[in-house]
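Dear colleague,

Please find the structure below, as agreed, followed by notes on what was found in it.

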Amino acid sequence: MERDYKDVSMALKALRQRKGLSQTDVALMLGKKSKQTVSAWERHPEKLSIENLCRIVELYGVDPIEFIRAIGAIFFNPKFELDENTKQ
């Protein structure tokens, strides 16, 4: 089954913006060399390692387990929408 990661991409970007962080801010906080890494993660979240995904969502103030559950809900329930329930 082909998966559409568009909702996950939008969620990652929205969470970053909600925290008032730029891609450069996130890259520096995570010890990455440039914002291109964060940009690539937001465009292609399927390439994120679990470790980096957890670090990012924790940085954004979201429980990693809840975010991963939300991702599962997106894939298995096409009408699921991310909302405030995914926050801690």
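**Helix packing and the nonpolar core**

In this predicted model, α1 and α3 pack at an angle of about 135 degrees, with their axes 7 Å apart, where helices are DSSP runs of H or I with at least four residues, strands are runs of E with at least two, and both are numbered from the N terminus; the axes are lines fitted to C-alpha atoms, for helices over the stretch in contact, and angles run from 0 to 180 degrees between N-to-C directions. The two helices α1 and α3 are therefore oblique to each other, given that angles under 35 degrees count as roughly parallel, over 145 as roughly antiparallel, 65 to 115 as roughly perpendicular and the rest as oblique. On the α1 side the contact (heavy atoms within 4.5 Å) is made by Ser9, Leu12, Lys13 and Arg16, and on the α3 side by Trp41, Glu42 and Arg43.

Before going further, a word on conventions. Residues are numbered from 1 along each chain as its sequence is written. Local features need pLDDT of at least 70 and side-chain atom pairs count only at pLDDT 80 or more, while totals for chains, interfaces and linings use all residues, and side-chain values use heavy atoms, with hydrogens and water left out.

Turning to α1 itself, the buried residues of this helix are Val8, Ser9, Ala11, Leu12, Leu15 and Arg16, where buried means under 20% relative accessible area, exposed over 50% and partly exposed in between, with a 1.4 Å probe and protein chains only. Seen down the axis of α1, these residues fall within an arc of 165 degrees, so they line one face of the helix, the arc being that of the directions from the helix axis to the C-beta atoms. Ser9 counts as buried because its relative accessibility is 12%, and, not counting residues up to four places away in sequence, Ser9 touches Glu42, Arg43 and Pro45.

The largest nonpolar core (buried Ala, Val, Leu, Ile, Met, Phe, Trp, Tyr and Cys residues joined through side-chain atoms within 4.5 Å) has 18 residues, of which Leu12, Leu53, Ile56 and Phe67 touch the most other members. Two or more residues each come from α1 (6-18), α2 (23-29), α3 (35-43), α4 (50-59) and α5 (64-76), and α1 gives the most, with four. Leaving aside neighbours within four places in sequence, Ile56 is in contact with Leu12, Leu30, Trp41 and Leu48.

Finally, Asn52 lies in helix α4 and, at 12% relative accessibility, counts as buried. With the same neighbours within four places set aside, Asn52 is in contact with Lys32 and Trp41.

With best regards
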